[in-house]
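Colleague: I am new to this structure. Could you take me through it with a few questions and answers?

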Amino acid sequence: MTDADITTATADWHAWQESWDRQQEWYLPDREERFRIMLDMVEAFVGTAPRVLDLACGTGSITARLLARFPDATSTGVDLDPALLAIAEGTFAGDDRVRLVTADLKDPDWPAKLPYDAYDAVLTATALHWLHREPLADLYGQVAGLVRAGGVFMNADHMIDETTPRINAAERAQRHTRMDQAKRDGILDWAEWWQLAAKDPVLAEPTARRYEIYGEHADGDAPSVQWHARVLREKGFGEARPVWCSPSDTLLLAVK
C-alpha cells in the first residue's frame with residue numbers, strides 16, 4: 001500500500017504506522033539502529049519483561065518495537081497529540097500489554113494520570129526537542145521520580161554541539177542533499193504527511209484538534225549532550241552518558 005492509498009483504507013492502522021515510519025526515516029535514516037540500541041540497553045539493565053513508559057509516544061513506534069522484541073513487556077504510552085494517539089489506539093486495540101494516556105508533559109500533574117507510580121524504563125525519541133530548557137529540566141525531574149532504583153531513562157533526539165560549527169554545517173549540508181533526493185523519489189515530508197492525515201475521514205477531526213494544540217510546529221531547544229547529562233544527574237540520576245550517536249542524533253542513557 002502506498003501513502004496515497006491510505007485515505008481509502010481508514011481502518012488500516014498498520015498502513016498509517018508504516019507511512020509515519022517512512023516519513024520519520026526521511027529525517028532520521030538511522031532510526032531503526034537507534035531503536036535497536038535503545039532496546040539492547042533496556043535488556044541489559046532491566047531484563048526482557050520490563051514495565052516501560054513510552055514518553056511522548058506518538059503513534060507508539062517505541063512500544064511496537066518493544067513488544068515485538070520483548071513479548072512479556074508492558075508499555076504505558078503518554079502523549080497529547082490526538083491524531084497520533086488515534087493511530088496508536090487503533091494499532092494496539094485489544095492488546096492488554098499497552099495503556100495509552102492523554103496528557104500534557106508541561107502540566108506538572110501529568111504523572112498522576114499514569115497507571116503506575118514507577119517504571120523499569122522510561123523511553124522517548126525525537127520528541128523532547130519541542131520543549132525549551134526550563135520545562136525540559138522540570139520534566140527530567142518528574143521522570144527521575146518515575147524511574148525505579150536501578151532503572152533507566154533514555155532520550156534519543158537532536159542534541160547540538162555549538163562548539164563545532166564547521167562539522168555541524170557539513171553534516172547538515174550532506175543530510176539535506178540526501179533528503180532532497182529522497183523527496184524527488186516521492187517520500188512524504190512532515191507537512192505533506194499531515195495534509196494526508198487531514199483528508200482521512202477518521203483522522204481529520206483529531207488532526208484538526210492537533211493543530212489547535214500545537215499549530216504548524218512547536219519550536220523548542222536542542223541543547224548539547226553535556227547539558228542533558230548534567231541536568232539528569234542534578235535531577236536524581238546516578239549516571240548519564242551517550243550510548244549511541246549518529247552525525248545528527250544522540251541516544252543518551254541515564255541510570256537511577
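Colleague: Among contacts in the protein between residues at least 6 apart in sequence, what share join residues at least 24 apart?
Modeller: First, a caution: this is a predicted model. Take the contacts between residues at least 6 apart in sequence, then keep those joining residues at least 24 apart. The share is 72%.

Colleague: Is the protein as compact as a globular protein of its length, and what is its radius of gyration?
Modeller: The C-alpha atoms fill a box of roughly 50 × 50 × 35 Å along the principal axes. The globule rule gives 18 Å for 256 residues, and the protein comes close to that, so it is as compact as a globular protein of that length. Its radius of gyration is 18 Å.

Colleague: What part of the 256 residues is buried?
Modeller: Start with the outside. The accessible surface comes to about 11900 Å², and carbon and sulfur atoms account for 51% of that surface. As for the residues, buried ones make up 50%.

Colleague: How many helices and strands are there, and in what order do the strands lie in the sheet?
Modeller: The secondary structure comes to 9 helices and 7 strands. The sheet is open, with mixed pairing. Its edge strands are β3 and β6, each pairing on one side only. The order is β3-β2-β1-β4-β5-β7-β6.

Colleague: Which helix packs on the sheet and touches β4, β5, β6 and β7?
Modeller: The direction of this helix makes about 170° with that of β5. The helix spans residues 31-46. It is α2.

Colleague: How do β6 and β7 run, and what is the bridge partner of Pro242 in β7?
Modeller: β6 covers residues 239-245 and β7 covers residues 250-255. A hairpin of 4 residues joins the two strands. They run antiparallel, with 6 bridges between them. In β7, Pro242 has as its bridge partner Leu252.

Colleague: Is Met154 buried or exposed?
Modeller: Met154 sits in strand β5. Its contacts beyond four places in sequence include Met38, Val122 and Leu252. The cut-off for burial is under 20% relative accessible area. Met154 has 0% relative accessibility, so Met154 counts as buried.

Colleague: How far apart are the C-alpha atoms of Met154 and Thr102?
Modeller: Along the chain, these two residues are 52 residues apart. In space, their C-alpha atoms are separated by 21 Å.

Colleague: Which residues of α3 are buried, and which elements do they pack against?
Modeller: Helix α3 spans residues 61-69. Its buried residues are Ser61, Ile62, Thr63, Arg65, Leu66 and Leu67. They pack against α1, α2, β1, β2, β3 and β4.

Colleague: At what angle do the axes of α1 and α6 cross?
Modeller: Helix α1 covers residues 13-27 and helix α6 covers residues 165-184. Their axes come within 9 Å. The crossing angle is roughly 145°.

Colleague: How do the residues of the contact of α1 with α6 divide?
Modeller: On the α1 side, the contact is made by Glu25, Trp26 and Tyr27. On the α6 side, Arg175, Arg178, Met179, Ala182 and Lys183 take part. The division is 4 nonpolar, no polar and 4 charged.

Key:
Residues numbered from 1 in each chain as written. Predicted model: local features only at pLDDT ≥ 70, side-chain atom pairs only at ≥ 80, totals over all residues. Heavy atoms only, no water. Pairing = 2+ DSSP bridges. Axes fitted to C-alpha atoms, helices over the stretch in contact; angles between N-to-C directions. Contact = heavy atoms within 4.5 Å. Nonpolar A, V, L, I, M, F, W, Y, C, P; charged D, E, K, R; others polar. Buried < 20%, exposed > 50% of the residue type's maximum accessible area, 1.4 Å probe, protein only. Rg over C-alpha atoms; globule rule 2.2 N^0.38 Å. Areas by Shrake-Rupley, 256 points an atom, 1.4 Å probe, with all protein chains shown as cover.
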